[in-house]
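Open your viewer and get ready to select. Follow the stops in order.

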Amino acid sequence: MAKIESELIRRWLNGWTVARDLPEAEPVESAGDGLRSKCDQPGREVEVFALRADEEPESVARLAAAVAAARQTTWLTVPTLRPGTVEAVVGAAGLELLHRSESFMTTDLAEHPQHAPAAPYECEVRTEGPVTVVSLHDSSGEVAARGTIAVVGADAIADRIETDAAHRRRGLGRAMMSALAEAAVAQGARTGLLIASEEGRRLYSCLGWRHEADVLIARGPVAPSVGLPPPDGGGLPAASGA
């Protein structure tokens, strides 16, 4: 049976929490079903990550029920090769589906293509411990694009890759990913991991990243959505591009 391995999800989550300076994720009550991260964001206080959606579909139902009964606004993120089944399960639990088109992706960083930013853009790389932040600046010094990558062992987890709307379609996405990959390899990383939006997946695929699974994101308990932030699992914003 085709499935995404729970260990791969754990590796991504370990790096994601490091990239965002969050506490280490903890197991949920139903041992083995998933991990819980305290995000402490308005409208996203807690996020639960499913580990065994494909090998044990009942585990998603248990997690969805727990999210539906939560006292804080909680997101449920489910990497899966069976998005239709997962969507039905979270819907039956009364959760609000936020995203059904995110992608879990991986790459061999040693083979990552390199693209330098075109003039007048300049690249700034800042590394503190396992986390590297890359910023691309325009001729006035303003930040046109930025991204983060966290190295944990041999893995590097890319996160919050963003390009300002006024600077899109200029190759900054490619240049950003190139700089992040180069910095991660310099720290000993071999495998790149990320969760991408639909638009982000197009860019990353062109750079050799492989789609491993779909990622569905739901929220509960269901509450009014006014003022709540959009999902940002690590992919480029919907309007972004190379």
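This tour goes from the sheet to a single strand pair, then to the cores and one residue. Keep in mind that the model is predicted.

**Stop 1: the sheet.** Show the strands. There are 11 of them in an open sheet, with mixed pairing. Trace the order: β1-β2-β3-β4-β11-β5-β10-β9-β8-β7-β6. Now colour the edge strands, β1 (26-27) and β6 (122-128). Each of these pairs on one side only.

**Stop 2: a strand pair.** Select residues 131-137, strand β7, and residues 143-152, strand β8. They run antiparallel, joined by 7 bridges. Which residue in β8 is the bridge partner of H137? Click V143 to see that partner.

**Stop 3: a helix on the sheet.** Select residues 172-186, helix α4. The helix packs on the sheet and touches β6, β7, β8, β9 (155-163) and β10 (191-196). Its direction makes about 30° with that of β8.

**Stop 4: the cores.** Select M177, L194 and Y204. These residues have the most contacts inside the largest nonpolar core, which has 27 residues. Two or more residues each come from β7, β8, β9, α4, β10 and α5 (198-206). Helix α4 gives the most, with 8 residues. Next, select A25, F104, I157 and L193. They are among the 19 residues of another core, apart from that one.

**Stop 5: S37.** Go to strand β2, residues 34-41, and pick S37. Is S37 buried or exposed? S37 counts as buried because its relative accessible area is 0%, and buried means under 20%. Leaving out residues up to four places away in sequence, S37 touches W16, T17, L22, A25, E45, V46, E47 and F49. Show their side chains to finish.

Technical notes: Residues are numbered from 1 along each chain as its sequence is written. This is a predicted model: local features need pLDDT of at least 70, side-chain atom pairs count only at pLDDT 80 or more; totals for chains, interfaces and linings use all residues. Side-chain values use heavy atoms; hydrogens and water are left out. Helices (H or I, at least four residues) and strands (E, at least two) are DSSP runs, numbered from the N terminus. Buried means under 20% relative accessible area, exposed over 50%, partly exposed in between (1.4 Å probe, protein chains only). Contact means heavy atoms within 4.5 Å. Two strands pair if DSSP finds at least two bridges between them. Axes are lines fitted to C-alpha atoms, for helices over the stretch in contact, and angles run from 0 to 180 degrees between N-to-C directions. A nonpolar core is a set of buried Ala, Val, Leu, Ile, Met, Phe, Trp, Tyr and Cys residues joined through side-chain atoms within 4.5 Å.
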